Amino acid sequence: MSSKDQIDLSRLPRHIAIIMDGNGRWAKKQGLARMFGHRQGVETVHNITVAATKLGVEYLTLYTFSTENWNRPKEEVDALMTLLVDTIAKETPTLMNNNVRLQTIGDLSRLPDGARAKFLQCIDQTSRNTGLTMVLALSYSARWEITNAVQQAVAMAQAGQLRAEEVDEQMVSSLMTTREIPDPDLLIRTSGEYRISNFLLWQLAYSELYFTDCLWPEFTEEELYKAIVDYQKRERRFGKTSEQLK
């Protein structure tokens, strides 16, 4: 029996975030260059996005390219940028057919002009879609995001638009790049690593964490269903006792 049959559709995680790890290691296992792993990882993104859409998940955030990834060899970075642009061009019709809206978070100013233009074009083209919102974290790091939020708050204070007593969690959240997105209910990380790796540090405060040894190119729809089933077995207390939730 598929794990899909065990999912309670009335208790789906509203927002799933994924750290897609293991493309390079998957390629190495096959005796292939790292880029083959990234290309296979793109196929996994397609499959998981379609599966999440069919289930009724509202938000899917994918850690696509971190600020630290800029430190990789230039040849790999250039190839990744080309792959991202080609994928967006290829997948835009699929996003439209599945009523998926694309958004991005991160420092897009660091992207090559052509890549940034292509992403903005796809964002505009899918902006009226009302199904799953797919958020790509591009040139993103949580420390960059938090630092950027602090800078905004300081600038507002210097301009006389913000007083210290007005700074609360809601106000800080409003300065994040994810201000229009609910916090993740479930974080999935593939490849057997047990780290958050500078991803959504503010937003993951109460998320359920799910780690799997599966390398990202091997992560199938069934693996997604297993993660959701595991999530639904947990009691989310948000600091309360079990008795208070009854």
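Hi everyone, let's start at the surface. The chain exposes about 12900 Å², and carbon and sulfur atoms supply 49% of that area. Please keep in mind that what you have on screen is a predicted model.

Staying with the whole chain for a moment, how many of the 246 residues are buried, as a percentage? Buried residues make up 48%. As for charges, the chain has 29 positive and 32 negative ones, and the mean positions of these two sets lie 2 Å apart.

Now to the fold. You can find eight helices and six strands in the chain. If you trace them along the sequence, the pattern reads β-α-α-β-α-β-α-β-α-α-β-β-α-α. The radius of gyration is 19 Å, close to the 18 Å that the globule rule gives for 246 residues, so the chain is as compact as a globular protein of that length. Along its principal axes, the C-alpha trace spans about 55 × 50 × 35 Å.

What about contacts along the sequence? Take those between residues at least 6 apart: 78% of them join residues at least 24 apart.

Let me finish with one helix, so please rotate to H7, residues 221-232. H7 has 12 residues and reaches 17 Å from its first C-alpha to its last, close to the 16 Å expected at 1.5 Å a residue. Which residues of H7 are buried? They are Glu223, Leu224, Tyr225, Ala227, Ile228, Val229, Tyr231 and Gln232. And where do these buried residues pack? Their partners are strand E1 (15-19), helix H2 (34-55), strand E5 (186-189) and strand E6 (208-211).

Thanks for listening, everyone!

Conventions
Residues are numbered from 1 along each chain as its sequence is written. This is a predicted model: local features need pLDDT of at least 70, side-chain atom pairs count only at pLDDT 80 or more; totals for chains, interfaces and linings use all residues. Side-chain values use heavy atoms; hydrogens and water are left out. Helices (H or I, at least four residues) and strands (E, at least two) are DSSP runs, numbered from the N terminus. The radius of gyration is taken over C-alpha atoms; the globule rule is 2.2 Å times the number of residues to the power 0.38. Buried means under 20% relative accessible area, exposed over 50%, partly exposed in between (1.4 Å probe, protein chains only). Contact means heavy atoms within 4.5 Å. Accessible areas come from the Shrake-Rupley method with a 1.4 Å probe; for residues, only the protein chains shown count as cover. Lys and Arg count as positive and Asp and Glu as negative; His and the chain ends are not counted. The place of a charge is taken as NZ of Lys, CZ of Arg, CG of Asp or CD of Glu. The expected span of a helix is 1.5 Å times one less than its number of residues.
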